[in-house]
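Thank you all for coming; I would like to walk you through a few helix packings and three threonines. Please have the sequence and the model open while I talk.

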Amino acid sequence: MSVYILALLIGLVAGLRAMTAPAAVSIAAAAGWLPAANSWAAFMGFRFTPYIFGLLALVEYVTDQLPSTPSRKVPQQFGARIVSGGFCGAVIGTAAGSPIGGVVAGVIGAVIGTLGGYEARKRLGLAIGKDLPAALLEDLIAVLLAFWVVSSVS
């Protein structure tokens with residue numbers, strides 16, 4: 001599969017859950033699925049990096065359920081998702097020698113994931129009558145898509 005499609009999809013994951021994308025990318029780099037060892041992104045495969053990003057992802061899953069959590073469309077939340085998507089896209093792009101293309105694709109994916117995820121969750125939550133099932137489904141989709149993407153990089 002094209003590295004640009006994979007970068008776009010990891011950006012989409014970042015749009016859904018900002019910390020799931022870097023957690024998946026760092027796990028893939030540490031496991032050797034993502035060749036980043038001899039590049040600027042080598043730190044993603046360091047021993048503790050997956051634990052740090054994994055912990056941040058878990059914190060995000062919990063805080064997402066809190067009523068005081070702001071919308072993903074506010075500038076701080078939107079910006080974090082764009083940065084996460086661009087960064088993870090760059091790491092995936094680096095594996096194919098195209099970090100700039102990866103950044104662009106990752107940012108585009110993050111915008112799509114942020115706005116599309118917001119609309120999908122809102123509509124599903126209204127249809128069900130509760131937000132929690134829609135939020136949990138979004139979490140599951142983000143995790144499964146992230147691990148499919150990083151396992152597809154060769």
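Let me start with Thr94, which has its place in helix 4, the helix of residues 75-95. I should say at once that what you are looking at is a predicted model. Is Thr94 buried or exposed? With a relative accessible area of 15%, Thr94 is buried, because the cut-off for that word is under 20%. If we set aside residues up to four places away in sequence, Thr94 touches Ser39, Trp40 and Pro99. With Trp40 there is also a polar contact, side chain to side chain, at 2.8 Å.

Now to the second threonine, Thr49, which lies in helix 3. Thr49 is buried as well, its relative accessible area being 11%. Which residues does Thr49 touch, not counting those up to four places away in sequence? They are Ser26, Phe43 and Met44, and for Phe43 we can be specific about the atoms, since its backbone oxygen lies 2.7 Å from a polar atom of the Thr49 side chain. Thr49 and Ala30 are 19 residues apart along the chain, and their C-alpha atoms are separated by 8.2 Å.

That pair takes us to the packing of helix 2 against helix 3, the latter covering residues 49-64, where the angle is about 155° and the axes are 8 Å apart. Angles over 145 degrees count as roughly antiparallel, so that is the description that applies to helix 2 and helix 3. The crossing of these two helices is left-handed. From helix 2, the residues that take part are Thr20, Pro22, Ala23, Ser26, Ile27 and Ala30, and they meet Thr49, Pro50, Phe53, Gly54, Ala57, Glu60 and Tyr61 of helix 3. Sorted by class, this contact has eight nonpolar residues, four polar ones and one charged.

Helix 2, residues 20-31, also packs with helix 1, residues 3-16, and here the angle is about 135°, with 7 Å between the axes. That angle makes helix 1 oblique to helix 2. On the helix 1 side we find Ile10, Val13 and Ala14, which meet Thr20, Ala21 and Val25 in helix 2. By class, the contact of helix 1 with helix 2 has five nonpolar residues, one polar residue and no charged ones.

You will have noticed one name in both lists: Thr20 meets helix 1 residues, and Thr20 is also among the helix 2 residues that meet helix 3. How buried is Thr20? Its relative accessible area is 4%, so Thr20 counts as buried under the 20% cut-off. Leaving aside neighbours within four places in sequence, Thr20 is in contact with Val13, Ala57, Glu60 and Tyr61, and also with Ala142, Val143 and Ala146. As for Gly54, which is 34 residues from Thr20 in sequence, the C-alpha to C-alpha separation in space is 7.5 Å.

To close, let me return to the three threonines: Thr94 is buried at 15%, Thr49 at 11% and Thr20 at 4%. I am happy to take questions.

Methods. Residues numbered from 1 in each chain as written. Predicted model: local features only at pLDDT ≥ 70, side-chain atom pairs only at ≥ 80, totals over all residues. Heavy atoms only, no water. Axes fitted to C-alpha atoms, helices over the stretch in contact; angles between N-to-C directions. Helix = DSSP H or I, 4+ residues; strand = E, 2+ residues; numbered from the N terminus. Parallel < 35°, antiparallel > 145°, perpendicular 65-115°, else oblique. Contact = heavy atoms within 4.5 Å. Nonpolar A, V, L, I, M, F, W, Y, C, P; charged D, E, K, R; others polar. Buried < 20%, exposed > 50% of the residue type's maximum accessible area, 1.4 Å probe, protein only. Left-handed = near helix turned anticlockwise from the far one by under 90°. Polar contact = N/O pair within 3.5 Å; in protein donor to acceptor, adjacent residues only side chain to side chain.
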